[in-house]
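Student: I have a structure open on my screen and would like to learn how to read it. Could you walk me through it, one feature at a time?

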Amino acid sequence: MARGAGREIVDMIAPVPLVVFSDLDGTLLDHDTYSWAAARPAIAALAEIGAVLVLASSKTAPEIEALQQQMGVQGQPAIVENGAGLIGMGEQATADCPALRQAIEDVPDRALFEGFGDMDALGVAAATGLDPQAAVLARKRSFSEPGVWHGTPQQEAAFISALAARGIAARRGGRFLTLSFGRTKADGMADIMAHIGPAPTMALGDAPNDTEMLEAAENGVIIHNPHSAPLPRLAGEATGRIIRTLDAGPIGWNQAVLARVELLNCSKD
């Protein structure tokens, strides 16, 4: 069983028609405004058919719990800090972040990596575009350390290699380089599906740290992100198991999820 964050177990007695695993920043949340308003119709459609919406992000447990409350999906499982932790799975977590930060201190070019732990709340707000109150939640990390890389790509590659030699993984998201002890969103996805039981799965994401999750799902959707280089072509695209949206962020997300729900409804007729 994966690490959790001490939440109540979700009761999944009824058959689940669909489990949707979704990245947040640049996917379900608008890249610039962090709004998910454009996805309201699809979120409502998922609720209507009894689907499970699993938020999967580099965000912290407090951040994701606040979003779950806003979206009306509170109490459902979620993947936090890029797969390093879970909530909604009834386990008490052991925080890795202090050990992680200690482990990176003597890595070459450490000074070029400015983690959230190196910033105060105002610094995180400036780096992310979050308001100061939300930035406080973004700093409450248990398992991972996102940050800004201030060196060259070549220095970054050397930094990542040195981290790997210490058992630390570094993954690129839409905005930040995130360090952890190696779990991915796909690991969290596997743990949650083992809890829920057999059900169709759909995954949506826009960044390299979403790749394993997209490939593990029955259907994957790469959300267009005009703010970063597109993901390389994935194997599932050749068969249509993985598709790409034309529209970015929650607009593309809404269209893709509504299309999937419509297919499910048609299959019942």
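**Reading the model step by step**

Tutor: Gladly, and let us begin at one residue: leaving out residues up to four places away in sequence, Ser144 touches Glu81, Cys97, Leu100, Thr178, Leu179 and Ser180. Keep in mind that this is a predicted model.

Student: Where is Ser144 found, and is it buried or exposed?

Tutor: Ser144 sits in the loop between α5 (132-138) and β6 (145-149). Its relative accessible area is 0%, and buried means under 20%, so Ser144 is buried.

Student: Two of those contacts caught my eye, Glu81 and Cys97. What is the phi of Glu81?

Tutor: Here is the general idea: most residues other than glycine have a negative phi. Glu81 has a positive phi, near 50 degrees, and is not a glycine. Glu81 lies in the loop between β3 (78-80) and β4 (85-87), and with a relative accessible area of 2% it is buried.

Student: What about Asp109, which also has a positive phi?

Tutor: For Asp109 the value is about 65 degrees, again in a residue that is not a glycine. Asp109 is placed in the loop between α3 (97-104) and β5 (113-115). At 34% relative accessibility, Asp109 counts as partly exposed.

Student: Back to cysteine, then. How many disulfides does the model have?

Tutor: A disulfide is a covalent bond between the sulfur atoms of two cysteines. The test asks for two cysteine sulfur atoms within 2.5 Å, and by that rule the count is zero. As for individual cysteines, Cys97 is buried at 7% relative accessibility, whereas Cys266 is partly exposed at 46%.

Student: Let me move on to β6. Which residue in that strand should I look at?

Tutor: Try Gly147, which lies in strand β6. Gly147 counts as buried, at 0% relative accessibility. Setting aside residues up to four places away in sequence, Gly147 touches Phe113, Glu114, Gly115, Phe116, Phe176 and Leu177.

Student: How do I compare separation along the chain with separation in space?

Tutor: Take two C-alpha pairs that share Gly147. Val124 and Gly147 are 23 residues apart in sequence and 9.1 Å apart in space. Gly147 and Leu18 are 129 residues apart along the chain, and 34 Å separates their C-alpha atoms.

Student: Where is Val124, and what does it touch?

Tutor: Val124 is in helix α4 (residues 121-128) and is buried, at 0% relative accessibility. Its contacts, not counting residues up to four places away in sequence, are Phe116, Met119, Gly129, Ala135, Ala138 and Arg139.

Student: How many aromatic pairs are there?

Tutor: A search of the whole structure finds three. Ring pairs join Phe113, Trp149 and Phe159 into a cluster.

Student: Now for a helix. How do I check the span of α9?

Tutor: Count 1.5 Å a residue: the 20 residues of α9 (residues 249-268) should span 28 Å, and the end C-alpha atoms are 29 Å apart, which agrees.

Student: Which residues of α9 are buried, and what covers them?

Tutor: An α-helix has 3.6 residues a turn, so residues three or four places apart point the same way. In α9 the buried residues include Trp253, Ala256, Val257, Arg260, Val261 and Leu264. Among the elements covering the buried residues of α9 are β1 (19-22), α1 (40-49), β2 (52-55) and β9 (201-205). The cover also includes β10 (219-224) and β11 (242-248).

Student: What does Ala256 touch?

Tutor: Beyond its neighbours within four places in sequence, Ala256 is in contact with Met202, Leu204, Val221 and Thr245. Ala256 is buried, at 11% relative accessibility. The C-alpha atoms of Ala256 and Glu145, 111 residues apart along the chain, are separated by 31 Å.

Student: Finally, how do I read the chain as a whole?

Tutor: Start with the secondary structure, which comes to nine helices and 11 strands. For 269 residues, a compact globule would have a radius of gyration near 18 Å, and the chain's value is 18 Å, which agrees. Its C-alpha atoms fill a box of roughly 60 × 40 × 35 Å along the principal axes. Buried residues make up 51% of the 269. Of the contacts between residues at least 6 apart in sequence, 67% join residues at least 24 apart. The chain exposes about 11700 Å², with carbon and sulfur atoms supplying 55% of that area.

Conventions
Residues numbered from 1 in each chain as written. Predicted model: local features only at pLDDT ≥ 70, side-chain atom pairs only at ≥ 80, totals over all residues. Heavy atoms only, no water. Phe/Tyr/Trp six-rings, centres within 6.5 Å; stacked < 30°, edge-to-face > 60°. Buried < 20%, exposed > 50% of the residue type's maximum accessible area, 1.4 Å probe, protein only. Helix = DSSP H or I, 4+ residues; strand = E, 2+ residues; numbered from the N terminus. Rg over C-alpha atoms; globule rule 2.2 N^0.38 Å. Contact = heavy atoms within 4.5 Å. Areas by Shrake-Rupley, 256 points an atom, 1.4 Å probe, with all protein chains shown as cover. Expected span 1.5 Å × (residues − 1).
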